[in-house]
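Dear colleague,

I am passing on the structure below, and after it you will find my notes on what turned up. Please keep it open beside the text as you read.

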Amino acid sequence: MMPVRTMLMSDAASGLCLVFILLVPLAAAGLALINTGLGRSRSAAYAMFSSLCAVSVAALAYLVCGFAWQGYAGGVEHSLILGSKHWSWIGTGPFFLRHVTLDGSPPSLVALLGIVSVGLAALIPLGSGADRWKLSGICISTALLAGWTYPLFAHWVWGGWLAQLGANYGLGQGFLDTGGASTIQVVGGLTALAIAWILGARRGKYSTEGMPSAIPGHNSVFVLFGCMLTLVGWWGLNAAGAVLYQGAEPGAAVLVALNTFFCAVAGAMTAAVVTHTRFGKPDASLTANGWVGGLAASSAACLFVRPPAAVAIGLVAGILVVFSVEWLELRLSVDDPGGAVSAHAIGGMWGLISAGFLAHVPGTTDSQQWLAQLVGVATLVGFVLPLTYGLNWLLDRFQPQRVPPQGEREGMDMHELGAGAYPELVTHGEEFSGR
Amino acid sequence: MKLLGFLLLVAGWLIVLSALALLGGAGPQAAFILAGVGVEVLGLVIVVRAHMTGEHP
């Protein structure tokens with residue numbers, strides 16, 4: 001057990017950082033609206049309700065043990081010694097934030113940012129489990145994510161062995177992730193993939209021959225307004241991460257905000273152009289996914305690139321999101337109504353990889369930065385995906401996470417809440433004739 | 001098959017970690033990290049295919 005480096009911040013920087021962090025819940029509101037709009041009308045109230053529950057459970061789990069295991073600079077941690085190098089692998093502070101003075105100090109800001117970030121990560125799997133994921137399953141799965149998976153990986157990225165790859169092994173500056181492209185977006189996206197696999201497709205989504213049918217989202221206005229909210233939240237997320245985790249001056253928030261914005265718009269415009277070219281008209285839901293994919297990609301290197309590079313990152317993210325949504329649905333039989341796997345997992349991974357080639361930390365050489373980023377992505381795929389799948393698979397053995405067929409037929413609003421979001425609408429059931 | 005795929009994912013990650021801890025030179029280290037990623041890709045393909053055929057671990 002050993003203390004890690006300490007953090008120092010001016011009062012002005014602390015105040016600005018607090019403002020940045022208080023913007024982040026807008027990203028959660030945006031994601032909740034996007035998930036709701038991309039789901040069915042008969043599950044709309046449940047989608048918003050379960051989002052509120054997920055954010056709440058995530059905050060509580062993180063309060064109980066999550067922050068203790070994530071730790072902060074200057075806190076205590078467990079390290080393994082491998083080949084004379086220290087590998088910091090988990091924080092060891094007391095539970096319930098008992099060791100943190102909640103006065104605007106850097107550890108208190110890290111705790112606050114962690115609480116809102118883990119809520120954001122918890123919302124991502126709701127997109128892939130839409131219209132069929134029980135409330136009890138959502139709450140327990142979220143507690144596992146916020147209490148164990150997220151804090152453990154966040155410790156590795158922001159102070160742990162992944163961050164030390166530069167100092168220990170000369171891999172660039174160590175694994176770079178300014179605003180949570182890996183810890184929030186890819187961890188949430190891989191959990192979304194695990195949930196989609198465990199729950200299976202919605203009834204009526206695939207014919208007995210395996211051909212998918214389109215189940216369009218019920219409210220594009222929610223989806224597109226959600227996109228606008230996410231931008232503001234992401235500005236706060238990336239700027240706060242830059243100041244707290246990368247030690248940037250608050251003035252760097254201008255560069256971070258510009259890069260975040262350019263990634264998002266490039267992702268959305270690319271998705272719109274690609275869908276227009278392929279289908280004759282731009283697709284609103286895929287364009288929204290392109291926007292979110294650009295935002296997810298922006299979080300990795302937003303502090304270390306110039307705006308033209310940010311545009312390039314967003315452009316590729318938009319292309320990847322559009323084609324991966326189609327690929328997952330048509331080729332891999334993954335029913336992901338919210339596009340969470342494509343936008344968050346694939347968009348985030350692209351952001352991390354691109355940081356290896358495009359990021360430049362002033363005053364340093366960037367030799368082998370790509371290898372540090374590759375080690376981080378390999379850890380996400382080789383450790384986080386089996387971990388989150390295993391935890392949710394075990395949970396499903398003891399507490400089945402999918403609603404019974406009747407629940408899907410009558411809609412999650414009626415089945416789980418007893419009242420619909422739009423009581424004046426008639427519920428149709430034609431799509432259940434196929435399966 | 002799904003279990004095998006997940007085991008390959010973890011095995012690939014362990015190869016990556018071993019390359020970091022045991023190998024000194026930049027070339028061999030990069031080669032073994034890429035090999036570990038290759039094993040992970042293989043594991044992911046198996047997991048995906050097992051899911052498509054409806055198997056459970």
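In this predicted model, strands β2(A) and β3(A) form a hairpin with two residues between them, and in the turn G83(A) has a positive phi of about 60°. The two strands, β2 covering residues 76-82 of chain A and β3 covering residues 85-91 of chain A, pair in the antiparallel sense over six bridges. Two of the pairings can be followed by name: the bridge partner of L80(A) in β3(A) is W87(A), while E77(A) has G91(A) as its bridge partner in β3(A).

The other thing to look at is the place where the chains touch, where 19 residues of chain A are in contact with 20 residues of chain B. On the side of chain A that touches chain B, helix α13 (residues 369-398) of chain A gives the most, with 12 residues. When that side of chain A is sorted by class, it has 14 nonpolar and five polar residues, and no charged residues.

A word on confidence belongs here as well. Chain A averages a pLDDT of 93, and 95% of the residues score at least 70. Over residues 1-6 of chain A, however, the pLDDT is below 50, although this stretch has 18 contacts in the model beyond near neighbours in sequence.

With best wishes

Key:
Residues numbered from 1 in each chain as written. Chains lettered and ligands numbered in written order. Predicted model: local features only at pLDDT ≥ 70, side-chain atom pairs only at ≥ 80, totals over all residues. Contact = placed C-beta atoms within 7 Å. Helix = DSSP H or I, 4+ residues; strand = E, 2+ residues; numbered from the N terminus. Nonpolar A, V, L, I, M, F, W, Y, C, P; charged D, E, K, R; others polar. pLDDT = per-residue confidence, 0-100. Pairing = 2+ DSSP bridges.
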